[in-house]
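Let us take a friendly walk through this model, starting inside a helix and ending at a ligand. Have the structure open beside you as you read.

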Amino acid sequence: MPVALSVRQAGPFDAGVLASLHGECFARAWDEVAMAQFAASPEVLCLIGSIAGGAGGAPDGFLIVRKAGDEAEILTLGVAPSRRNMGLGRALLQTATALLRAGGTKRLFLEVEAGNEAALRLYRSLGGEAVGLRTGYYEHGADAAIFSLAL
Ligand SMILES: CC(C)(COP(=O)(O)OP(=O)(O)OC[C@H]1O[C@@H](n2cnc3c(N)ncnc32)[C@H](O)[C@@H]1OP(=O)(O)O)[C@@H](O)C(=O)NCCC(=O)NCCS
């Protein structure tokens, strides 16, 4: 049975839950102060997604994009480990691309660790094309693939 997904724009009052979700998804968590700044910035699109049936409708995923002129870049994207593979990552990206397109953004850039199959497949399935590689980009030495998605 298909699950019900919802995506909404985050506000500064969501900073705590954004920081907590980020910590579930990445080894180096971004703190609440940073999340509050993102959520308050007009240059940043901050989305929160939920899958119906979560604990009290709790947020399950997030996506943060920085806009610059007619381009934008995904700063971070994550879905809580226990809620993956249910379509929320795709829904967050599709909502972001629709909002960015409506606001005049022409191209979205995404960086992903080489070997992160889930993210690579998700980006490719939405039409993202690999346009470059940053060798040793991550602290632990892994390369980053740069994807570009025409909006
Ligand atoms: C990448 C991530 C956000 C995907 O979120 P998700 O909600 O699980 O993704 P979805 O359920 O929407 O799946 C969308 C597509 O991603 C791909 N995908 C998802 N999980 C996958 C997996 N474990 N292996 C391979 N492909 C996968 C598939 O192509 C899938 O489409 P399909 O189901 O039609 O085949 C999630 O795995 C995550 O939070 N990872 C840790 C953080 C991260 O790597 N973020 C991205 C880089 S910043």
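A residue counts as buried here if 20 or more other C-beta atoms lie within 10 Å of its own, and as exposed if 12 or fewer do. Please keep in mind that the model is a predicted one.

**Helix 1 and its cover**

With that cut-off in hand, look at helix 1 (residues 15-25), where A15, L18, L21 and H22 are buried. Viewed down the axis of helix 1, these buried residues fall within an arc of 130°, so they line one face of the helix. What covers them includes helix 2 (32-40), strand 3 and strand 4.

**The sheet**

Strands 3 and 4 belong to an open sheet of seven strands, which has mixed pairing and the order 1-2-3-4-5-7-6. Its edges are strand 1 (5-9) and strand 6 (129-134), each of which pairs on one side only. On average, neighbouring strands in the sheet are turned by 25° against each other, direction ignored.

One pairing is worth a look in detail. Strand 5 (residues 107-113) runs antiparallel to strand 7 (residues 144-150), and seven bridges join the pair. Within this pair, E111 stands opposite I146 of strand 7.

Two helices that pack on the sheet can be set side by side:

| Helix | Strands touched | Direction angle |
|---|---|---|
| Helix 3 (residues 88-102) | Strand 1, strand 2 (44-51), strand 3 (61-68), strand 4 (71-79), strand 5 | about 145° with strand 2 |
| Helix 4 (residues 117-125) | Strand 5, strand 7 | about 160° with strand 5 |

**A loop residue with positive phi**

Between strand 4 and helix 3 there is a loop, and N85 lies in it. Although N85 is not a glycine, its phi is positive, at about 65°. Is N85 buried or exposed? With 8 other C-beta atoms within 10 Å, N85 is exposed.

**Around the ligand**

Now turn to the ligand, which is surrounded by 20 residues. The closest of them are R84, G89, R90, A118 and R121. Which elements each supply at least two residues of this shell? They are strand 4, helix 3 and helix 4. Helix 4 gives the largest share, with six residues. Sorted by class, the shell holds nine nonpolar, seven polar and four charged residues.

Helix 3 and helix 4 thus appear twice in this tour: helix 3 packs on the sheet, helix 4 does so too, and both contribute to the shell around the ligand.

Terms used: Residues are numbered from 1 along each chain as its sequence is written. This is a predicted model: local features need pLDDT of at least 70, side-chain atom pairs count only at pLDDT 80 or more; totals for chains, interfaces and linings use all residues. Two strands pair if DSSP finds at least two bridges between them. Helices (H or I, at least four residues) and strands (E, at least two) are DSSP runs, numbered from the N terminus. Axes are lines fitted to C-alpha atoms, for helices over the stretch in contact, and angles run from 0 to 180 degrees between N-to-C directions. Two residues are in contact if their C-beta atoms, placed from the backbone, lie within 7 Å. The arc is that of the directions from the helix axis to the C-beta atoms. A residue is near a molecule or strand if its C-beta atom, placed from the backbone, lies within 6 Å of it. Ala, Val, Leu, Ile, Met, Phe, Trp, Tyr, Cys and Pro count as nonpolar, Asp, Glu, Lys and Arg as charged, and the others, Gly among them, as polar.
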